[in-house]
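Trainee: Could you take me through a single part of this model, the sheet, and go over its strands and its turn with some care?

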Amino acid sequence: MTTSAATTCTSCVFFEDKAAANAGVCRAHPPVPSSASEKPAAVWPTVKNDDWCGQHTAGRQ
Ligand code: SF4
């Protein structure tokens, strides 16, 4: 299956651009616990700008 820019994370309403190297977070679902730091934290999945999934929802330009 091929994707186009119109169906990648950057054009999805759930994508939050973190201005990191071509990446952001997906807010389609609640955050999940992370043990990556000393303090308990909840995190959203990191996704690349050109990632995609079946829940893509258009809304960002
Ligand atoms: S992973 Fe899916 S729902 Fe999340 S930002 Fe990307 S396309 Fe949207």
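Mentor: What follows is a walk through the sheet, from its layout to its pairings and then to two residues with unusual backbone angles. Please keep in mind that this is a predicted model, in which local features need pLDDT of at least 70 and side-chain atom pairs count only at pLDDT 80 or more, while totals for chains, interfaces and linings use all residues. Residues are numbered from 1 along each chain as its sequence is written.

The sheet is open and has 3 strands in the order S1-S2-S5, with antiparallel pairing. Strands here are DSSP runs of E with at least two residues, numbered from the N terminus, and two of them pair if DSSP finds at least two bridges between them. Strand S1 (15–20) and strand S5 (46–48) stand at the edges, and because each has a single partner strand, one side of each is left without a neighbour in the sheet. On average, and with direction ignored, neighbouring strands of this sheet are turned by 40 degrees against each other, where the axes are lines fitted to C-alpha atoms and angles run from 0 to 180 degrees between N-to-C directions.

Turning to the pairings, S1 is joined by 4 bridges to strand S2, residues 23–26, and the two run antiparallel. Along this pairing, phenylalanine 15 has cysteine 26 in S2 as its bridge partner, and glutamate 16 stands opposite valine 25 in S2. S2 is also joined to S5, by 3 bridges and again antiparallel, with glycine 24 standing opposite valine 47 in S5. In a regular strand the side chains alternate between the two faces of the sheet.

The hairpin formed by S1 and S2 has 2 residues between the strands, and asparagine 22 lies in that loop between S1 and S2. Most residues other than glycine have a negative phi. Asparagine 22, however, has a positive phi near 55 degrees, and alanine 19, which is placed in strand S1, likewise has a positive phi of about 55 degrees although it is not a glycine. As for their surroundings, a residue is buried if 20 or more other C-beta atoms, placed from the backbone, lie within 10 Å of its own, exposed if 12 or fewer, and partly exposed in between. Alanine 19 counts as exposed because it has 7 C-beta neighbours inside 10 Å, and asparagine 22 is exposed as well, with 12 other C-beta atoms within 10 Å.
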